[in-house]
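Dear colleague,

I am passing the structure on to you below, and after it I set out what I found when I went through it. Please keep it open beside this message as you read.

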Amino acid sequence: MDHLTENNFTAQTLEYPVCSEWKENPEGSVFHLAHILLVLGFMGGSGFYGLLYMFSFLTLGFFCYSIWAWSDPCTTDSFSWTFALFAFCLAQVVHGSYRLRSVTFDKEFQDLYDYMFKKLGVSLTHFGKIVECCEGDIYTIDKDHCFAVEGKTSIDKLSVLISGRIRVTLNGEFLHHIYPFQFLDSPEWDSLRPSEEGVFQVTLRADNRCRYVAWRRKKLYLLFAQHRYIAKIFALLVRNDIAEKLFSLNDKAFDIRGFRYDLRLPSFCHGPEPEIEDTSESRPALGQSETKPTERDS
């Protein structure tokens, strides 16, 4: 009898303890707040700002979880894990904030990034290297002052207009305007090899007070050698800018009859084909036009 009782007691102790009844009082508000913050944190994206958003909410969530675990003396393991995760997420937030500070720019450079580089998927890190190449300087041209004079100014930099308007002329004749976030010297830049030198063939004069950013030619080519990705981005931007300038010239290209020329095919224009003169009257008939050899000789 004693042996049977002992076996029943051993079986009962080996059984997994089952909750006999639900806890009447729910967990505290800190516990629920922690899970809400964790849910919001896991909804973050994968980009730079998305990671910063995610780790910020995870830091707050694990911090609240640590407070809840600390309030219960029987949850030492839970407190240790949640506090370790809180410290890890906090370190990620500090690291992301430092990176964000290193890629924060002035308003004019930020506008340049948003208008020209962001749509091409250029990261803030790569754009920071581009800004570092020009040393973060913004230059100013007063009204009626020249950025370049035809036949005199050397081509030693690549520049982008930030504000204002530039008038482009050749021998005093107006060609087109350059507007903000367009290159000032893209045709000149693209026409020369890195080892060649040249001068402007047009004059660039400011219609009003202008501000622009410029990269020195040698420093920019050195940046291209170090980062081929940046070289491809600039090649795309420069060639697209040249195409826009050619298109603006095409709007002003008309012949004496008012038909617009197509600059892709300089020898043709968009207009009705000239009528072919009927020369049948001026040509003699075949029978009449043929002359005998004796008649030609005479």
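Tyr 221 is partly exposed, with a relative accessible area of 22%, whereas Phe 224 comes to 10% and therefore counts as buried, the cut-off being under 20%. Please bear in mind, here and below, that this is a predicted model. The two residues sit three places apart in helix α8, so about one helical turn separates them, and their rings form an edge-to-face aromatic pair, with 6.0 Å from centre to centre and 90° between the planes.

Both residues also belong to one aromatic cluster, whose other members are Phe 105, Tyr 113, Phe 117, Phe 127, Trp 189, Trp 215 and Phe 234. The count of aromatic pairs comes to 20. Another of these pairs is formed by Phe 79 and Phe 83, whose ring centres are 5.7 Å apart and whose planes meet at 25°, so the pair is stacked, as planes under 30 degrees apart are. Phe 79 and Phe 83 lie four residues apart in helix α4 (residues 76–102), which is about one turn of the helix. Phe 79 is partly exposed at a relative accessible area of 23%, and Phe 83, at 43%, is partly exposed as well.

Several names from the aromatic cluster return in the largest nonpolar core, which has 31 residues and in which Leu 112, Phe 117, Phe 127, Trp 215, Leu 220 and Phe 234 touch the most other members. At least two residues of this core are supplied by each of α5 (107–117), α6 (124–133), β3 (157–163), β7 (210–216), α8 (217–226) and α9 (228–250), and the largest share, seven residues, comes from α9. If you want one residue from which to explore this region, you could take Leu 220, which touches Cys 133, Leu 158, Trp 189, Trp 215 and Phe 234 when residues up to four places away in sequence are not counted. There is also a second, separate core of 17 residues, and among its members are Phe 147, Leu 184, Leu 204 and Ala 206.

Which residues of α5 are buried? They are Phe 109, Leu 112, Tyr 113, Met 116 and Phe 117, and, seen down the axis of the helix, they fall within an arc of 100°, so they line one face of α5. A little further along the chain, the charged end of Lys 119 sits over the ring of Tyr 115, at 5.5 Å from the ring centre.

His 176, in strand β5 (residues 173–178), is buried, with a relative accessible area of 8%. Apart from its neighbours within four places in sequence, His 176 is in contact with Ile 166, Arg 167, Val 168, Lys 245, Ser 248 and Leu 249.

Finally, a word on the database annotation. The UniProt entry, which is unreviewed, places the feature "transmembrane region" at residues 48–68 and 80–98. In the model, residues 48–68 are 100% helix and 0% strand, with the end C-alpha atoms 31 Å apart; residues 80–98 are likewise 100% helix and 0% strand, and there the end C-alpha atoms are 27 Å apart.

With best regards

Technical notes
Residues are numbered from 1 along each chain as its sequence is written. This is a predicted model: local features need pLDDT of at least 70, side-chain atom pairs count only at pLDDT 80 or more; totals for chains, interfaces and linings use all residues. Side-chain values use heavy atoms; hydrogens and water are left out. A nonpolar core is a set of buried Ala, Val, Leu, Ile, Met, Phe, Trp, Tyr and Cys residues joined through side-chain atoms within 4.5 Å. Buried means under 20% relative accessible area, exposed over 50%, partly exposed in between (1.4 Å probe, protein chains only). Contact means heavy atoms within 4.5 Å. The arc is that of the directions from the helix axis to the C-beta atoms. UniProt positions are given in the numbering used here, feature names are shortened, and annotations may be inferred rather than shown by experiment. Rings of Phe, Tyr and Trp (its six-membered ring) pair if their centres lie within 6.5 Å; planes under 30 degrees apart count as stacked, over 60 as edge-to-face and the rest as tilted. A charge sits over a ring if NZ of Lys or CZ of Arg is within 6 Å of the ring centre and within 35 degrees of the ring normal.
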